[in-house]
Amino acid sequence: MAIPQSFIQELLARADVVDIVGRYVQLKKGGANFMGLCPFHGEKSPSFSVSPSKQFYHCFGCGKNGNAISFLMEHGGMNFVEAVKDLAQQYGLQVPEDDVSPQDRAKAAQMREQQATLTSVLEKAAIAYIKHLRNSPRAIDYFKGRGLSGEIAKTFGLGYAPEGWRALASVFPDYNDPLLVESGLVITGEPGEENAQGEAKRYDRFRDRVMFPIRNVKGECIGFGGRVLGDDKPKYLNSPETPVFSKGRELYGLFEARTALREHGYALVTEGYMDVVALAQLGFANAVATLGTACTADHVQKLFRFTDSVVFSFDGDSAGRRAARKALDAALPFATDVRTVKFLFLPQEHDPDSFIREHGQEGFAAAVAKAVPLSKFMLEAAAEGCELDTAEGRAHMASNARPLWSLLPDGTLKRQLLAEIADQVLIDSRELLQIWQPAASHYKNNSSSRPSGKGQWQKTSEAPTSAPHFEEFSGNFADLHDEGAYAASLPMDPGPSGRSFGAKAGASRPVRRIAGRVLPASREDRVLRLMLTDPQSWDKLSGEEHVLLSELPAPHGPLFVWLESQLHEHGPQPWAALREGLREHPQEKHAVDQISQLLDGIECDWSEVRSILDQLLKLKRQEEMVDLLPRVMSDPAARQRYEELSALLKAS
């Protein structure tokens, strides 16, 4: 759905960022602003500032900043639409849905009401299960036997479903309420199993099991996992698919792990409820678990909303390898150059719970540090069952590797893996790419490279025709805030072969020239063109780069903010769909002008855009260091940030 910009502005005007942030961060008044410990990275002294006058938050330690909506997105793992709806609900506003038919609007409202009702029913059951746990010595002894404390049981809301077929009848006055079936708490018998009164049999789904409530990222109870106290089958029983619960999208423990994910810097994905709870108690509160199903793309995408690094932990047996292989398939499309995916294989006799209890926190941390990188595991998966000392075996590996490699997003990692696969199958990487993609031409450096050994490329002295000209963009970062810096962004006449996208020939402004030549597109325009023609490239950028682009002055910053919201709402869309979404946007004309200037057959070069972003980041860091200088001697947080920026500049 498209949310009008006017509504977003009204919502932000009503919302108080201090109130929103203060629900999750303990804030104290410090001058004109409020200060607290940053919720996005671990720190001991407050460097997180919230401004009531500017309605903005900023961390001087990690650089995170934004408004009330972006805080809900970053801290709550919501997408843009979810954050807007959540914030609107808190302030009693109805999100406009002008592009939705009355029937669809009514249906959506009914679904929201149903979801809210189901979560309240499930929450009531969760409270009842907690009370039953306190009165069940058997269940308490089970948790104690697994080494769990009362504190960790409280954190995760652990409970107990008592014996008996209709224990929930004492919790819900109307045991025949259809909501109990819709929520998955109660099962109805099959036709022909009616009782003496002719009513369908009804009984509790969970009986004599310790209970693990499953929560969404907002903390609402959406389902349960139940484990038997003995060895009965099935050992684990999950809630069924309901309007609020889908095991292919939800992760156990994600709500409880949100803060720890940022403190540890990675998410640890396990296979069991007890793994998550035990690891949390023993120092790894960043653990989550899939819910009795293979890891899916939805799982991976959800995790990358909270962290740029994921470690999958599996048993070392054949079942664990199969699960890891499915996780690899799910993770490959999200393995951009700024993200890390690893695979931890434990000894066959261990799961994460038993391993950390035997080897301790340090031993488990050492095992995590030695986890297999995605690149290595992908090569191992492709080579499995192949005799690489024979031509047939190498050809088999190349065939296995092709679908895996194709799943990777374009970037440096994908190119490096092409070279490594080529090394292993003893063929030149350029030839391998031609076999896999006969018409491929998007690797522009191929035309200016020649092989210099297995899978290796060496630049020739011939300059590529698409070489970027960055020498035209000298200057400091302050130029970005000067209207004069955008002179090069004015529309140029596309000429007889230019794309018009519906614009009349000659309708653009006169071409601006310096010394008789056409001004080149600005750096920001080059990035914008790529993002508009290939929106999926946005996922290749780091969080710092997202902020950098979104904070640019108009017309570019608002367009990048809009583009990110479109990706959250609809995923990557072709230009034709984006063009429609831009209708009445304040910067509509600038975006259309940029696309109209792309000549037929000329594609935006990702490597050029990558270099531009590196340059802009460098300039922004230099500017921030200049701003920090007056406070470096008196403010430890400013000094620490200054040193971090200095180190980043030296490494770049």
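Here are five short exercises with worked solutions on the predicted model shown above.

Residues are numbered from 1 along each chain as its sequence is written. Because this is a predicted model, local features need pLDDT of at least 70, side-chain atom pairs count only at pLDDT 80 or more, and totals for chains, interfaces and linings use all residues, while side-chain values use heavy atoms, with hydrogens and water left out.

**Exercise 1. The whole protein**

Task: find how many helices and strands the protein has, and what share of its residues is buried.

Solution.
- Start with the elements: there are 24 helices and 20 strands. Both are DSSP runs numbered from the N terminus, helices being H or I over at least four residues and strands E over at least two.
- Next, burial: of the 652 residues, 47% are buried. Buried means under 20% relative accessible area, exposed means over 50%, and partly exposed lies in between (1.4 Å probe, protein chains only).
- Then look at contacts, meaning heavy atoms within 4.5 Å. Of those between residues at least 6 apart in sequence, 64% join residues at least 24 apart.

**Exercise 2. The surroundings of H299**

Task: work out whether H299 is buried or exposed, and which backbone oxygens its side chain reaches.

Solution.
- Locate the residue: H299 sits in helix α11, which covers residues 297–303.
- Check its accessibility: the relative accessible area of H299 is 0%, so it counts as buried.
- List its contacts beyond four places in sequence: K247, G248, R249, E250, L251, T290, T293 and A294.
- Now the polar contacts (a pair of N or O atoms within 3.5 Å; within protein, one must be able to donate a hydrogen and the other to accept it, and residues adjacent in sequence count only if both atoms are side-chain atoms). The H299 side chain reaches the backbone oxygen of K247 at 3.0 Å and that of G248 at 3.3 Å.
- Finally, compare sequence with space: H299 and G248 are 51 residues apart in sequence, and their C-alpha atoms are 7.1 Å apart.

**Exercise 3. An open sheet and its hairpin**

Task: trace the order of the strands in the open sheet that holds β1, and say which strands are at its edges.

Solution.
- Begin with the rule: two strands pair if DSSP finds at least two bridges between them.
- Follow the pairs: 5 strands form the open sheet, in the order β1-β2-β3-β4-β5, with antiparallel pairing. The edge strands are β1 (28–30) and β5 (65–66), each pairing on one side only.
- Look at the β1 end: β1 pairs with β2 (residues 33–36) over 3 bridges. K28 has M35 as its bridge partner, and G30 stands opposite N33.
- Inspect the turn: β1 and β2 form a hairpin with 2 residues between them, and G31 in that turn has a positive phi of about 75°.
- Move on one strand: 3 bridges join β2 to β3, where G36 stands opposite F48.

**Exercise 4. A crossover**

Task: decide whether β14 and β15 run parallel or antiparallel, and which helix the chain passes through on the way.

Solution.
- Read the pairing: β14 (residues 309–314) and β15 (residues 340–345) run parallel, joined by 6 bridges. One of the partner pairs is V311 with K342.
- Follow the chain: it leaves β14, passes through helix α12 (residues 318–331) and enters β15 as a right-handed β-α-β crossover. Right-handed means that, with the strands pointing away from the viewer, the path from the first strand over the helix to the second runs clockwise.
- Look at another partner of β15: 2 bridges join β15 to β16 (residues 372–373), and these run antiparallel. K342 is paired there with P373.

**Exercise 5. Unusual backbone geometry**

Task: find which residues are joined to P234 and P555 by a cis peptide bond, and where E584 lies.

Solution.
- Recall the background: most residues other than glycine have a negative phi, and most peptide bonds are trans.
- Take the prolines: K233 and P234 are joined by a cis peptide bond with omega about -5°, and P234 is in the loop between β10 (221–228) and β11 (236–238). A cis bond also joins A554 and P555, with omega about 10°.
- Take the phi values: E584 is not a glycine, yet has a positive phi of about 70°. E584 lies in the loop between α21 (575–581) and α22 (588–596), and its 78% relative accessibility makes it exposed.
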